[in-house]
Amino acid sequence: MSETTILKNGWVFDIDTETFVKKDVYIVGGNLVSMVEADVANPVEIDVEGSYVAPGFIDMHVHVFETKTTLGINADRVGIEQGVTTIVDAGSSGLEDFQDFKQMIIQPSQTEVLSFLNISKQGLCKGLSELADMNDLMSVQELTEILAKEKNIVGLKARMSASVVKDNGIKPLEHARKLADESNLPIMVHIGNAPPEITEVLPLLKKGDIVTHAFHGKKGGILNNKGKLIQEAHEAIERGVLFDVGHGTSSFSYQTMKAFKENYHYPFSTSTDIYIGNYDKPVGSLMTTMSKLLAIGYCLEELVASVTSRPKQALGLAEQGSLEPGTRADVTVFKVVEQRQTLIDSQGEGMIVDRMIVPQLTIRDGKVVFESNEY
Ligand code: ZN
Ligand code: ZN
């Protein structure tokens, strides 16, 4: 039997009740186990008193194809080194480059790398207007073939803004709908500057689909000028479409998020849309993004759910996103420290933040892969 590791005395997150409970977590080999299954006579003990212990964080929107796109950032730099055990690259790779993405990024990374495959075959490898030519979209048959071979594709990415689709308007998303229905995969839709209008985009989405950049501060977003959800957004969220932060360089606004929080209690997911150009500012990291939301007034439990159980459910992940005995031991240990600083959103608006969520220890597949000595 392999060695037992015990994470002792931490505040452990329970995804069912969305609460923290003081208890120990047991790991044998690559899996989480219950206390009775652990060899408690001779364990490796890690004292995490004063820290929080959560299922490995999942960032559903990153760009890590550093070898073939100009915006890509190193997967482990935004993954395990920032307390994130699973990342989903949102459309950097399409069908054409997926084998390279697999060999160059998925396989060598310690962080688990999943993919929302771009509906354009060229992904973001040949510029950022990947949906300007309908001939570049993959077919249902091509998708079916690649899905039969590749287990790391968990959804489809469709970027619906004017600079991406050019004269094609809503047509690429209609095609994405067809692909998604045939494959049973969720679509992650990027919203931004129209056309297409958000009122055309949202009605095409079904339960399980994801709207990223949901809380941007541009014209034509999910909220009207009174801070209320437009009818199409309200209907989408009611039928089970998930709204996702997707911070990015220009896609997260404190004003929009605050108005949403003030008026609604719908669950959402938190992700970064992190890449080489926004790593420093304004995004920082997944935990920095969560710290901004904490300062807006969301509670820690809600925010941890937004990077664990919600992405788990959205992506249909069995092993990730819980601390259930028998599942893979991907664990994020973090702290909340008193640290006053000003953090900006994508509009350049500053907000004074008093508490920062910071990574402490990252466990991937039962092994400690990152440890911070900073706090
Ligand atoms: Zn985007
Ligand atoms: Zn993105």
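This briefing introduces a run of paired strands and an enclosed space in the structure above. Please keep in mind that the model is predicted. A good place to start is strand β15, which spans residues 350-364 and pairs with β14 as well as with β16. After that, we turn to the cavity, of which the structure holds one of 30 Å³ or more.

**Strand β15 and its cover**
- Strand β15 is mostly covered, with eleven of its 15 residues buried.

**Pairing with β14**
- Strand β14, made up of residues 331-344, runs antiparallel to β15, and twelve bridges join the two.
- To find one of these contacts, look for Gln341, whose bridge partner in β15 is Val353.
- β14 and β15 form a hairpin with five residues between the strands.
- In that hairpin, Gly348 has a positive phi near 85 degrees.

**Pairing with β16**
- On to strand β16, residues 367-371, which pairs with β15 over four bridges, again in the antiparallel sense.
- Here Ile363 has Val368 of β16 as its bridge partner.
- The hairpin of β15 and β16 has two residues between the strands, and Asp365 takes a positive phi near 55 degrees there.

**The cavity**
- The largest cavity holds about 70 Å³ of space.
- Its lining includes Met160, Ile191, Gly192, Ala194 and Pro196.
- Also lining the largest cavity are Glu197, Ile198, Val201, Lys219 and Gly220.
- By character, the lining residues of the largest cavity divide into six nonpolar, two polar and two charged.

Terms used
Residues are numbered from 1 along each chain as its sequence is written. Chains are lettered from A and ligands numbered from 1 in the order in which they are written. This is a predicted model: local features need pLDDT of at least 70, side-chain atom pairs count only at pLDDT 80 or more; totals for chains, interfaces and linings use all residues. Side-chain values use heavy atoms; hydrogens and water are left out. Buried means under 20% relative accessible area, exposed over 50%, partly exposed in between (1.4 Å probe, protein chains only). Two strands pair if DSSP finds at least two bridges between them. On a 1 Å grid over the protein atoms alone, a cavity is a set of points where a 1.4 Å probe fits but cannot get out, and a pocket is an open set with protein on both sides within 12 Å along at least five of seven lines; lining residues have an atom within 4 Å of a point. Grid points are joined across faces, edges and corners, and a volume is the space filled by probe spheres set on the points. Ala, Val, Leu, Ile, Met, Phe, Trp, Tyr, Cys and Pro count as nonpolar, Asp, Glu, Lys and Arg as charged, and the others, Gly among them, as polar.
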